[in-house]
Amino acid sequence: MKNLLTTAFLVTVMCCSLRGADFSEDLAEFNAELAKSWKKHDLIPAPVIDDAAFFRRLSLRVKGKLPVIAELKQFIADKAPDKRRKLIDAFLASEEFAQLMAMRYADMFRIKSEFPINLWPNAVQCYHRYFYLLTRDDLSWRKTARELLTASGSNFRIPASNFFRANADRTPKGLAAGTALALMNFRTDKMSKEDQQSFALFFSRVRFKSTKEWKEEIVYTAPEAVILKCRTPDGRNFTVNTAKEDPRVVFADWLCDKNNPILSRAYVNRAWYWMTGIGLANPVDDMALPRGFWEALSAAPRPNDPADENIMKFLVRYFEKNNCSTKALYRLILNSRAWQADWRSKAKELAAKEKYLAVYPVRRLESEIINDALASLTGSHERYVSVIPEPFTFIPRGSAAVTLADGSMSTGTLDKFGRSPRDSGKISERNNNSTGAQRLHLMNSGVLYRQLASLPGRFFKGGRLSWNSQLDTAYMAVLSRYPTAAEKKAAKTYFDKLPSRDRWKFWHELFWTLVNTGEFSYHH
């Protein structure tokens, strides 16, 4: 914990714009806005989670990994009133956060070497690194969006040029649909055919050409002079003379304008989803455009509007006030009363509480995260290799699944738990539902059982721990908490009833049982 707090202190010194009294005031205002919403809808929010649950939730959502036992124990023992805020700062500054966010962006922007995207491994690594640096260096999302929309050059050397290259459909209509989905959370198939054609004209001059390097492509804007009558999804008309201006730049000027809330609204909705498992508006990447757009939003709700528009407005204002800093936005979300709420609720109230952010949504761990959690427990990582297409890709042994850049590179376990194929960029491609095949894998895999059978030797220090300490360690390793009094009593009763010759099996079976609980495989 000392190292974590030291890191947090350095982050505090270096990133003053995100700290101090201003942040405390913003957080208080946001929590007050949440309280207003709960009162308006006659909801009593779930209580704040305890320290152990907070640490586990934060570690899995921000770092994509199970907590380190020693750090978790130190955090629980720490009595500092601001320890949660410091831990959030430390985790947001971590290498693991940048890696996990790169995985999320890779789903969103279809980073995949093989069919149907066909980026090829060179471009995959280049593009994936781009999004890793976006998070690590906390670059402005508005600036990033503009760069993605306007970049030209080699897709092996200019990372942002892959924005248009990473589309299965590279017709103007396909590029328009991919742009709207990724940057606006908007589905163009809901527009009229005429509007779709007018919108697609912004991307009608995008061209691709090959080079002498294997599979490299140059992205550029066709130089021929034409007059285009373009229309944005909100109904604004633009006449673009391509002899004087690039239609991509015209669109980028519109989307990235500080008075246009669409870009920020779309990112805020995704950010809330990434940190909780649900969006402020759902489906997450099928949002309605703001009604009237340049005018005040109507109070009448639509199916894919935010449940509470005031919450969305507050987060958008905060995001834009901080120059579209993604880390600033995540910091506010993670410190909020809504994010730190308990997951438990009466069944009849659960739907309403989830909708209005009064309870934390229970969602299954993402495929890569559950795979890495099992690997960190057992010390046995899967091997990731891709010999098609060339150049061959060999990932170092012990690498985490969340660091895989290529959507084409997977394993049976990752596919079984719903890893995104990255074909369309839709959030629905990632399947976080529980299935019978997943449960059978956790319960019946002989390989996994043998790996779990080695855990007593790894965690119990050669039998030098007392029985109670061993039980505590098993629960901390798998579930990131101490066992309850009832669990201790049940475990001891079962252990004492076993014949002496079979008691050595108890710990193997305990680890196996804990891994097969929903508490292990779910965000909660």
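Let's start with two strands. S2 and S3 run antiparallel, and five bridges join them. One word of caution before I go on: this is a predicted model.

Back to the pair. S2 and S3 make a hairpin, with six residues between them. Look at Lys-215 in that turn: its phi is positive, about 70°. For a register point, take Arg-207. Its bridge partner in S3 is Tyr-220.

Now the other side of S3. Strand S3 covers residues 217-221, and it pairs with S1 in the antiparallel sense. Here there are two bridges. Gly-153 stands opposite Val-219 in S3. Ser-154 has Ile-218 as its bridge partner in S3.

Put the pieces together. What is the order of the three strands in the sheet? It is S1-S3-S2, the sheet is open, and the pairing is antiparallel. The edge strands are S1, at 153-154, and S2, at 206-210. Each of them pairs on one side only.

Next, a helix. H11 runs over residues 193-200. Which of its residues are buried? Gln-196, Ser-198, Phe-199 and Ala-200 are. What covers them? The cover includes helix H10 (172-184), strand S4 (227-231) and helix H12 (247-255).

Now two loop residues. Take Asp-285 first. Asp-285 sits in the loop between helix H13 (262-276) and helix H14 (309-321). Why does Asp-285 count as buried? Because its relative accessibility is 3%, and the cut-off for buried is under 20%. Its side chain has a polar partner: the side chain of Arg-187, at 2.9 Å. Then the contacts, leaving out residues up to four places away in sequence. Asp-285 touches Leu-181, Asn-185, Phe-186 and Arg-187. Asp-285 also touches Arg-270, Gly-425, Lys-426 and Ile-427.

The other loop residue is Ser-420. Ser-420 lies between helix H18 (412-416) and helix H19 (436-444), in the loop. Is Ser-420 buried or exposed? Buried, because its relative accessibility is 3%. A polar atom of the Ser-420 side chain lies 3.1 Å from the backbone nitrogen of Arg-422. Set aside neighbours within four places in sequence, and Ser-420 is in contact with Asp-107, Glu-429 and Arg-430.

To recap. The open sheet reads S1-S3-S2. H11 has four residues to look at: Gln-196, Ser-198, Phe-199 and Ala-200, which are buried. Asp-285 is buried in its loop, with a side-chain polar contact to Arg-187. Ser-420 is buried as well, and its side chain is 3.1 Å from the backbone nitrogen of Arg-422.

Technical notes:
Residues are numbered from 1 along each chain as its sequence is written. This is a predicted model: local features need pLDDT of at least 70, side-chain atom pairs count only at pLDDT 80 or more; totals for chains, interfaces and linings use all residues. Side-chain values use heavy atoms; hydrogens and water are left out. Two strands pair if DSSP finds at least two bridges between them. Buried means under 20% relative accessible area, exposed over 50%, partly exposed in between (1.4 Å probe, protein chains only). A polar contact is a pair of N or O atoms within 3.5 Å; within protein, one must be able to donate a hydrogen and the other to accept it, and residues adjacent in sequence count only if both atoms are side-chain atoms. Contact means heavy atoms within 4.5 Å.
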